[in-house]
Amino acid sequence: MLNKIMKRANRKGPKAEVAAEPPAASAPASSSVTVNHASRTAVPSSGGAANLLPTGAAAPQIESLPLFRDVPIPELQALFLRKLQICTVVFDFSDTLRSAREKEVKRQTLSELVDFVQSGSGRLAEPVQEQLIRTVAINIFRCLPPASHENTGSEAADPEEEDPYLDPAWPHLQLVYELLLRFVISSDTDTKVAKRYIDHTFVLRILDLFDSEDPREREYLKTILHRIYGKFMIHRPFIRKAINNIFYRFIFETQRHSGIGELLEILGSIINGFALPMKEEHKLFLVRALIPLHKPKLVGMYHQQLSYCIVQFVEKDYKLADTVVRGLLKYWPVINCQKEVLFLGELEEVLEVTQPVEFQRCMVPLFKQIARCLSSSHFQVAERALFLWNNDHIVSLIAQNRSVIFPIIFEALEKNMQAHWNQAIHGLTANVAENVP
């Protein structure tokens, strides 16, 4: 209860700044995946050290250290380690004037650390790598502010109509994310050593942060997680399973998450790299996670990325076309016309890569739905359905099965010609009717 009260106390400012170090490297990473989204909190590890700046406390003193270029080469790593340590102090950005000098010193120090890693000045010693990941964790793993509707108990507004929340601590957070990114992609980073600190727990906490409302943070997280997936092969099954769990909770429980689009962008690239023949676990992911993502009301927020992933599956394995089409029909919207337009657009992309044999398996239920769309009183739905006949591949599939399809759509075409209120629909329907064999 106390945590809830503290969360609701500060919507636009960061919470009480608690910095926690990740679990000790010697602790074995759990093979099970449990993503805890009971709150919008990146939960610190137990036993971690914390740098607290309570309200009214004196500003912390951050020592000024020499620049890297001013010390001998043998002392660079020791200086790097000291600079990392002073960056574990976390500031309160709700008051821009408080600790202004110390904040600027930390910002400059973080910038130096990024430049040092980016310059390729040599492989970092293991204690330095451990401190780097600890410093990153202390800065980025924090309580995310609650969504605006969580403060009032009112219904959630449409995220498309909300102004994005911009974290006031971003001048520091951006540099911390940049430091992590440069460390991960550096050719000097030994994955055998780094995986002791970028472990399963660290990855799960990165995934928790995808619920951040700040789009700048989600963009960095997307890039970093993608790079971790590419470099740390041992984490790949774990990352896929953890993303699955986020999707399941979003679909069947919360239907509210800020980072679904970014996670789907990562998955689009992953799916593109799947080897053939496709593993059964990947097909199950399509059926159990991706296709049900069409169910939530907010599908429009991430539909472009979702559609790309779906089409990638069909391009990889044409036999999945029937599964995908029937999945779309299962979640077809009943009263949401804008959602229907999205579904019709995705359906066209899927049919464009569908082979005739697979088309025949699903064409009867498919065209029963298309017939309903053709005669929709919402002109955008009817128009988008009629536009399917502008696709040569789809027209070819229809022509090959005219004896089955034409009786299904004939009544809808007749209804449009005789009674549809929109003149543009009359013209489009006439064009389709003329081209029906």
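A cavity is taken here as a set of grid points where a 1.4 Å probe fits but cannot get out. With that in hand, the predicted model can be searched for enclosed space, and the count comes to 2 cavities of 30 Å³ or more.

The second largest cavity has a volume of about 40 Å³. Of the 10 residues that line this second cavity, those closest to its centre are Leu 144, Pro 145, Tyr 165, Ser 212 and Glu 213. Its lining divides into 3 nonpolar, 1 polar and 6 charged residues.

The largest cavity holds about 100 Å³ of space. Its lining is made up of 4 nonpolar, 6 polar and 2 charged residues. Phe 116, Val 117, Leu 124 and Phe 183 are among the residues that line the largest cavity, as are Arg 123 and Asp 188. The lining also includes Gly 120, Ser 121, Gly 122, Gln 129, Ser 186 and Thr 189.

Attention now turns to helix 15, which covers residues 337-352. This helix of 16 residues reaches 23 Å from its first C-alpha to its last, close to the 22 Å expected at 1.5 Å a residue. At the N-terminal end, Asn 336 acts as a cap, with a side-chain oxygen 3.3 Å from the backbone nitrogen of Gln 338.

The buried residues of helix 15 include Phe 343, Leu 344, Leu 347, Val 350 and Leu 351. Charged side chains are buried here too, among them Lys 339, Glu 340, Glu 346 and Glu 348, and Gly 345 is also buried. The cover over the buried residues of helix 15 includes helix 13 (303-316), helix 14 (321-330), helix 16 (356-374), helix 17 (379-386) and helix 18 (392-400).

Conventions: Residues numbered from 1 in each chain as written. Predicted model: local features only at pLDDT ≥ 70, side-chain atom pairs only at ≥ 80, totals over all residues. Heavy atoms only, no water. Helix = DSSP H or I, 4+ residues; strand = E, 2+ residues; numbered from the N terminus. Expected span 1.5 Å × (residues − 1). Buried < 20%, exposed > 50% of the residue type's maximum accessible area, 1.4 Å probe, protein only. Contact = heavy atoms within 4.5 Å. Polar contact = N/O pair within 3.5 Å; in protein donor to acceptor, adjacent residues only side chain to side chain. 1 Å grid on protein atoms, 1.4 Å probe; cavity = no way out; pocket = protein on both sides within 12 Å on 5 of 7 lines; lining within 4 Å. Points joined across faces, edges and corners; volume = space filled by probe spheres on them.
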